[in-house]
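Colleague: Got a minute to go through this model with me? I have the sequence and the fold open, and a few quick questions.

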Amino acid sequence: MTTCSRSRCVCPDTDLMDVLASKYTMQLVCIVDAHGSARFSEFESHLPDASTSTLSTRLGSLVDAGILERTRYDEVPPRVEYELTRDGRGLARRTRSLLSWVDRND
């Protein structure tokens, strides 16, 4: 929980905050939220400046944090899809509110 006084405000220093603060993380959540589920190629098309390794690392971190669920289908070629978990849907709802605020104030 964040604690604040008149002179300072301290955010929690947690692994989850580190994941959420990483480059492209919030965009990945927004992409999955907009599509319902997403494949790696969709992330690449939405984020053309992001490297494959960075996207892969961020997606793995979101899966490990319980924000995304990764499903691999036994097909040739292999198909992998990402969906928001219950916690991920809660984060996405809050992110939409934040993005609305940014849009109004940008």
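Colleague: Start with E75. What is its relative accessible area?

Modeller: This is a predicted model, so treat the values as computed from it. E75 has a relative accessible area of 36%. That falls between the 20% and 50% cut-offs, so E75 is partly exposed.

Colleague: And what does E75 form a salt bridge with?

Modeller: With R79. The closest N and O atoms of that pair are 2.9 Å apart.

Colleague: Which other side chain meets R79 in a salt bridge?

Modeller: E81. The N to O distance there is 2.8 Å. E75, R79 and E81 are thus one network of salt bridges.

Colleague: E81 and R79, buried or exposed?

Modeller: Both are buried. E75, in contrast, is partly exposed.

Colleague: How many salt bridges does a search of the whole structure find?

Modeller: Three. One of them pairs R96 with D33. Their closest N and O atoms are 2.5 Å apart.

Colleague: Which parts does that pair tie together?

Modeller: R96 lies in helix 5 and D33 in helix 2, so the bridge ties together parts 63 residues apart in sequence.

Colleague: Are those two buried or exposed?

Modeller: In between. R96 is partly exposed, at 41% relative accessible area. D33 is partly exposed too, at 28%.

Colleague: Zoom out. What does the secondary structure come to?

Modeller: Five helices and five strands. Along the sequence the pattern reads β-β-α-α-β-α-α-β-β-α.

Colleague: How much of the chain is buried?

Modeller: Buried residues make up 27% of the 106 residues. The accessible surface is about 7500 Å², and 48% of that belongs to carbon and sulfur atoms.

Colleague: And the contacts between residues at least 6 apart in sequence? What share joins residues at least 24 apart?

Modeller: 42% of them.

Colleague: Back to helix 5. What should its residues span, and what do the ends say?

Modeller: Helix 5 runs over residues 86-105, which is 20 residues. At 1.5 Å a residue, the helix should span 28 Å. Its end C-alpha atoms are 29 Å apart, which agrees.

Colleague: Which residues of helix 5 are buried?

Modeller: G88, G90, L91, A92 and T95.

Colleague: What covers them?

Modeller: The cover includes helix 1 (15-21), helix 2 (25-35) and strand 5 (79-84).

Colleague: Any nonpolar patch on the surface? Which residues make it?

Modeller: L98, W101 and V102 make a nonpolar patch of about 300 Å². L98 is in helix 5. L98 counts as partly exposed, at 48% relative accessibility.

Colleague: Now the inside. How many residues has the largest nonpolar core?

Modeller: 21. Those with the most contacts inside the core are L28, V29, F43, L47, L62 and L68.

Colleague: Which elements supply at least two residues each?

Modeller: Helix 1, helix 2, helix 4 (52-64), strand 5 and helix 5. Helix 2 gives the most, with four residues.

Colleague: Take L62. What is it in contact with, leaving aside neighbours within four places in sequence?

Modeller: V19, T25, L28, V29, I67 and L68.

Colleague: M26 isn't on that list. How far is M26 from L62?

Modeller: They are 10.0 Å apart in space, C-alpha to C-alpha. In sequence they are 36 residues apart.

Colleague: So where is M26 found, and what does it contact?

Modeller: M26 is in helix 2. Leaving aside neighbours within four places, M26 is in contact with L20, L91 and T95. L91 and T95 are among the buried residues of helix 5.

Colleague: M26 itself, what is its relative accessible area?

Modeller: 26%, so M26 is partly exposed.

Colleague: Last one. Where is T85 found?

Modeller: In the loop between strand 5 and helix 5.

Colleague: Loop residue, then. Buried or exposed?

Modeller: Buried. T85 has 17% relative accessibility, and buried means under 20%, so it counts.

Colleague: What does T85 touch?

Modeller: G66, I67, L68 and E69, not counting residues up to four places away in sequence. Of these, I67 and L68 are also in contact with L62.

Methods
Residues are numbered from 1 along each chain as its sequence is written. This is a predicted model: local features need pLDDT of at least 70, side-chain atom pairs count only at pLDDT 80 or more; totals for chains, interfaces and linings use all residues. Side-chain values use heavy atoms; hydrogens and water are left out. The expected span of a helix is 1.5 Å times one less than its number of residues. Buried means under 20% relative accessible area, exposed over 50%, partly exposed in between (1.4 Å probe, protein chains only). Contact means heavy atoms within 4.5 Å. A nonpolar core is a set of buried Ala, Val, Leu, Ile, Met, Phe, Trp, Tyr and Cys residues joined through side-chain atoms within 4.5 Å. Patches are made of residues with over 30% relative accessible area and no salt bridge: like charges are joined within 9 Å, nonpolar side chains (Val, Leu, Ile, Met, Phe, Trp, Tyr) within 5 Å. Accessible areas come from the Shrake-Rupley method with a 1.4 Å probe; for residues, only the protein chains shown count as cover. A salt bridge is a side-chain nitrogen of Lys or Arg within 4 Å of a carboxyl oxygen of Asp or Glu.
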